[in-house]
Amino acid sequence: GYSSAASDVYKRQQKINYGMNELLIWIVALLIFIGIPVFCISKRKMKKRGQKWIYIKAAFYGLLSAFSIPILIMILVLCVTIKNDHFPPKKTFNKEKWTDTLSDDRYKYSRDIIDSQLLNNKTAVEVIEVLDNKFIIAHDSTRIIYFTGYQPSFMTHIPRTLEVYFKNGKVIRVTMNRTSRSVIDNYLLHQ
């Protein structure tokens, strides 16, 4: 079964899936609310000008605008999320908020942990004292991997990890990485 922390993460993942259905509903609504008015306006204008093939041209303009405007909006959203994917928002590290089992925002603290070199030259025991052991996915003599939550991205949420590497028992490098959902699912199943 799932632990309470794992169960909370699983519930959030289910909410993400429901969010995708809502997104599809919004896309259909945009098509209806943009395409039909453009069709009507185009038809009326072409009728006044006495043009031929009014309905075909109006339908073409309606469909073109109904598909192109949402696509342009999605491209804009994609550009913003690509920026956020490579440069996730940064929050100053706070141990209390980091260890909060209900928080999926740990990835926001990862950049501060890396930039401030909070873990440099610490032992594995000291790292666990700072970051706790609640969200450790893997641990051996060369590294500790923490699950830091799901970072929002274009049409999905990306599972993120904070990886702490050791050499001669001391931290030598800390990185923030993507990971696969299967790794997180496997972690959650064994909690």
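This is a short tour of the structure, stop by stop, with a suggestion of what to select at each one. Keep in mind that the model is predicted.

**Stop 1: the whole chain**

Start with a cartoon view of everything. You should find six helices and four strands. Followed from the N terminus, the elements run α-α-α-α-α-β-β-β-β-α. Now switch on a surface: the accessible area comes to about 11800 Å², and carbon and sulfur atoms account for 61% of that area. Of the 191 residues in the protein, 33% are buried. If you like contact maps, count the contacts with a separation of 6 or more: 50% of them link residues 24 or more positions apart.

**Stop 2: Ser65 in helix 2**

Select residues 54–86, which form helix 2, and pick out Ser65 within that helix. Is Ser65 buried or exposed? Ser65 has a relative accessibility of 11%, under the 20% cut-off, and therefore counts as buried. Next, show what surrounds this serine. Beyond its neighbours within four places in sequence, Ser65 is in contact with Ile34, Val38 and Pro70.

**Stop 3: the largest nonpolar core**

Select Trp98, Ile113, Leu119, Val127, Leu131 and Tyr146 and show their side chains. These residues have the most contacts inside the largest nonpolar core, a set of 18 residues. Which elements each supply at least two residues of this core? They are helix 4 (106–115), helix 5 (124–131), strand 2 (143–153), strand 3 (156–167) and strand 4 (170–178).

Stay here and centre the view on Ile113. With neighbours within four places in sequence left aside, the contacts of Ile113 are Phe93, Trp98, Leu118, Leu119, Leu131, Leu162 and Val174. Among these, Trp98, Leu119 and Leu131 are also on the list of core residues with the most contacts.

**Stop 4: the loop between helix 4 and helix 5**

Move along to the loop that links helix 4 to helix 5, and select Gln117. Its phi is near 55°, a positive value in a residue other than glycine. Asn121 is in the loop between helix 4 and helix 5 as well, and its phi, near 65°, is also positive without the residue being a glycine. Colour Asn121 by accessibility: at a relative accessible area of 56%, Asn121 is exposed.

**Stop 5: strands 1, 2 and 3**

Select residues 136–139, which make up strand 1, together with strand 2. The two run antiparallel and are joined by three bridges, and a hairpin of three residues leads from strand 1 to strand 2. To see one pairing, click on Ala138 and look across to its bridge partner in strand 2, Ile145.

Now add strand 3. Strand 2 and strand 3 also pair in the antiparallel sense, here over ten bridges. Gly149 is a handy marker, as it stands opposite Arg160 in strand 3. How many of the eleven residues of strand 2 are buried? The number is nine, so strand 2 is mostly covered by the under 20% cut-off. While you have the side chains on display, recall that in a regular strand they alternate between the two faces of the sheet.

**Stop 6: Asn168**

Finish at the loop between strand 3 and strand 4, where you can select Asn168. Asn168 has a relative accessible area of 76% and is exposed. For a last distance check, draw a line between the C-alpha atoms of Asn168 and Thr142: they are separated by 8.7 Å, with the two residues 26 apart along the chain.

How values were computed:
Residues numbered from 1 in each chain as written. Predicted model: local features only at pLDDT ≥ 70, side-chain atom pairs only at ≥ 80, totals over all residues. Heavy atoms only, no water. Buried < 20%, exposed > 50% of the residue type's maximum accessible area, 1.4 Å probe, protein only. Contact = heavy atoms within 4.5 Å. Core = buried A, V, L, I, M, F, W, Y, C linked by side-chain atoms within 4.5 Å. Areas by Shrake-Rupley, 256 points an atom, 1.4 Å probe, with all protein chains shown as cover. Pairing = 2+ DSSP bridges.
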